[in-house]
Amino acid sequence: MSTTSTGPSSSRPQATQPSPGQARPSSIDAGAPIDTIILDLGNVLYVWEAIAAVAGRVSLPAWQEFCEGADFAALNRRSDLGEDFESVVASLATAHPERPDWVEILRTYRACFRDALTGPVPGMRDLVDELLATGIPLYCLTNYDGPTFDDTRDLIPQLDRFAGIVVSGKEHLIKPDPTIYRVTLERFGLDPARTLFIDDSPANTASAAGLGILTHTFTGAGALRAELIERGILPARAARS
């Protein structure tokens, strides 16, 4: 799985975060009709923290050294593209024969991957239930290794009520490559001008916007709810007395 970061020790640059309560800029025009929503999974529906898989199993300094020296982000991307895990391990061992411990750390991460999924993103379980209740079709487009997706899908029962799911590792394509958005649109017959794509990565939403898809760069359930209310997809809520 990949998203805007791989945890506190990621070698990937961190996206600039807005201040609390502030939404990131989006392509949403309140007057544009929406009849389809595509949601990312990691850190939109469910929290993914890579370090949580190895916490208590690998020391923090060892994990940080591994992420930087072995380029965990690149290894993770290869898995998300559908490369066989043993092939990824073998290439790591070949590139760094002096570091068998890095191979063991990668194997530990994979074996304990389920622990990297630390719980639903706050507020999103209820928000997704509300969206499902409207009848608007929901789809999921996720950068995720195929086998680990299948092994952990049960953590999000709501996915069974989605109209469709596209998993990067099963397509051998990965966001933000525009091709995976085209595959999603064509497979399900979606109109990009009437489709809202929600993802926490600015690079991913920018790529989707380049294809004419409406986008929301996710920062939290509150900001997303505000956008959905502005569009008329969800009803306004009464003030608390």
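Helices here are DSSP runs of H or I with at least four residues, numbered from the N terminus. The model is a predicted one, and what follows looks at its nonpolar packing and its enclosed voids.

Start with the packing. The largest nonpolar core takes in 58 residues. Ile37, Leu39, Leu41, Trp63, Phe66, Tyr109 and Met124 have the most contacts inside this core. Take Met124: with neighbours within four places in sequence set aside, Met124 touches Leu39, Val44, Leu45, Phe218, Ala221 and Leu224. Another core, this one of 13 residues, lies apart from the largest; Tyr139, Val166, Leu173 and Ala208 are among its members.

Now for the voids. Two cavities of 30 Å³ or more turn up in the structure. The largest comes out at about 120 Å³ and has 13 lining residues, with Met1, Asn76, Ser79, Tyr109 and Arg110 lying nearest its centre. Tyr109 thus appears both here and among the residues with the most contacts inside the largest core. Helix 3 (72-80) and helix 5 (100-111) each put at least two residues into this lining, and helix 3 gives the largest share, with five. Sorted by class, the lining of the largest cavity has seven nonpolar residues, along with three polar and three charged ones.

The second largest cavity has a volume of about 40 Å³. Its lining is made up of Leu41, Tyr46, Leu117, Tyr144, Phe149, Thr152, Arg153, Leu155 and Ile156, which split into seven nonpolar, one polar and one charged. Leu41, part of this lining, is also one of the residues with the most contacts inside the largest core.

Note on methods:
Residues are numbered from 1 along each chain as its sequence is written. This is a predicted model: local features need pLDDT of at least 70, side-chain atom pairs count only at pLDDT 80 or more; totals for chains, interfaces and linings use all residues. Side-chain values use heavy atoms; hydrogens and water are left out. A nonpolar core is a set of buried Ala, Val, Leu, Ile, Met, Phe, Trp, Tyr and Cys residues joined through side-chain atoms within 4.5 Å. Buried means under 20% relative accessible area, exposed over 50%, partly exposed in between (1.4 Å probe, protein chains only). Contact means heavy atoms within 4.5 Å. On a 1 Å grid over the protein atoms alone, a cavity is a set of points where a 1.4 Å probe fits but cannot get out, and a pocket is an open set with protein on both sides within 12 Å along at least five of seven lines; lining residues have an atom within 4 Å of a point. Grid points are joined across faces, edges and corners, and a volume is the space filled by probe spheres set on the points. Ala, Val, Leu, Ile, Met, Phe, Trp, Tyr, Cys and Pro count as nonpolar, Asp, Glu, Lys and Arg as charged, and the others, Gly among them, as polar.
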